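I am opening a notebook on this structure and will put down what I look up, entry by entry. Each entry starts from something I wanted to find.

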Amino acid sequence: MKNRSYHNKFALFYDYFQKGVEGDVKFYSNYFKNFKGKILEIGAGTGRITIPLLRQGLDITALDIAPRMLKILKEKTKKENLSVKTICADMRKFKLRDKFEAVIITFRTFQHLYSVTDQLNSLKNIKNILNQMVC
């Protein structure tokens, strides 16, 4: 995974160059249309997915390694009178007290984890913050 300086360096240009995958915003909006729980988006960046979900009234928290990306996200949500919770953390190392009913990692974010160890650490962190479903 690249370090924070890489993500911060390109934060101002991110929205210009990164458009995501065709239809991804619509996919997540439809998928969570009637969702009632808390969602954590890992690698939220400047909010390309986060903001449309916030517009739907969903309870979403944005986690990203780059403080500048999160700052841009906050500025964008403020302009729309939306409130966003943000966490500046590395997906390989984060520890949270809050629990979530869903975790999403959009637009190839998981591919920034180059080693199996990093991938497993991230997945363990995700498992630790997911609410256990009762059947």
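With which residue does Arg55 form a salt bridge, and how far apart are the closest N and O atoms? I looked this up in what is a predicted model, and found that the partner of Arg55 is Glu80, with 2.7 Å between the closest N and O atoms. The pair links distant parts of the chain, since Arg55 sits in helix H4 (residues 50–55) while Glu80 belongs to the loop between H5 and strand S3 (85–88), 25 residues apart. I then checked how open the two partners are: Arg55 is exposed, with a relative accessible area of 52%, whereas Glu80 is partly exposed at 35%.

**Entry on the chain as a whole**

I stepped back to see the setting of this pair. The chain has six helices and four strands, and from the N terminus on I read the order of its elements as α-α-α-β-α-β-α-β-β-α. Of the 135 residues in the chain, 39% are buried. I also looked at the contacts with a separation of 6 or more, and noted that 68% of them are between residues 24 or more positions apart. For the accessible surface of the chain I wrote down about 8,700 Å², with 54% of that belonging to carbon and sulfur atoms.

**Entry on the other salt bridges**

How many salt bridges does the structure hold? I found six, and followed up some of them beyond the pair I began with.

Asp59 forms one with Lys85, where the closest N and O atoms are 2.4 Å apart. Asp59 lies in strand S2 (residues 59–64) and Lys85 in strand S3, so this pair ties together parts that are 26 residues apart in sequence. Both ends are partly open to the outside: Asp59 is partly exposed, with a relative accessible area of 30%, and Lys85 also counts as partly exposed, at 41%.

Next I turned to Arg92 and Asp90, whose side chains meet in a salt bridge at 2.5 Å, N to O. Is Asp90 buried or exposed? With a relative accessibility of 8%, Asp90 counts as buried. Salt bridges with shared partners join Asp90, Arg92 and Asp118 into one network, and I kept Asp118 in mind for the entry on helix H6.

**Entry on helix H5**

Helix H5 covers residues 67–79, which is 13 residues, and from its first C-alpha to its last it reaches 19 Å, close to the 18 Å expected at 1.5 Å a residue. Which residues of H5 are buried? I listed Met69, Leu70, Ile72, Leu73 and Thr77. They cover an arc of only 155° around the axis, and so they are on the same side of H5. On the face turned away from that buried side I found the exposed residues Lys71, Lys78 and Lys79. Just after H5, I noted that Asn81 takes a positive phi of about 60°.

**Entry on helix H6**

Helix H6 (residues 116–129) has 14 residues, and its reach of 20 Å from first C-alpha to last is close to the 20 Å expected at 1.5 Å a residue. Its buried residues are Asp118, Ser122, Asn125, Ile126 and Ile129. They cover an arc of only 100° around the axis, which puts them on the same side of H6. What covers the buried residues of H6? I found that the cover includes strand S1 (38–42) and strand S4 (102–105). The face turned away from the buried side carries the exposed residues Val116, Thr117, Lys124 and Lys127.

Val116 came up again when I looked for nonpolar patches on the surface, as it forms one with Leu120 and Leu123, with about 270 Å² of accessible area together. Leu123 has its place in helix H6, and with a relative accessible area of 43% it is partly exposed.

**Entry on helix H3**

Last, I looked at helix H3 (residues 24–31), where Asp24, Tyr28 and Ser29 are the buried residues. Seen down the axis of H3, these residues fall within an arc of 135°, so they line one face of the helix. Their cover includes H4 and S4. H4 is also the helix that holds Arg55, the residue with which I began, and S4 is also part of the cover over the buried residues of H6.

How values were computed
Residues numbered from 1 in each chain as written. Predicted model: local features only at pLDDT ≥ 70, side-chain atom pairs only at ≥ 80, totals over all residues. Heavy atoms only, no water. Helix = DSSP H or I, 4+ residues; strand = E, 2+ residues; numbered from the N terminus. Expected span 1.5 Å × (residues − 1). Buried < 20%, exposed > 50% of the residue type's maximum accessible area, 1.4 Å probe, protein only. Arc of directions from axis to C-beta. Salt bridge = Lys/Arg side-chain N within 4 Å of Asp/Glu carboxyl O. Contact = heavy atoms within 4.5 Å. Areas by Shrake-Rupley, 256 points an atom, 1.4 Å probe, with all protein chains shown as cover. Patch = residues over 30% accessible without salt bridge, like charges linked within 9 Å, V, L, I, M, F, W, Y side chains within 5 Å.
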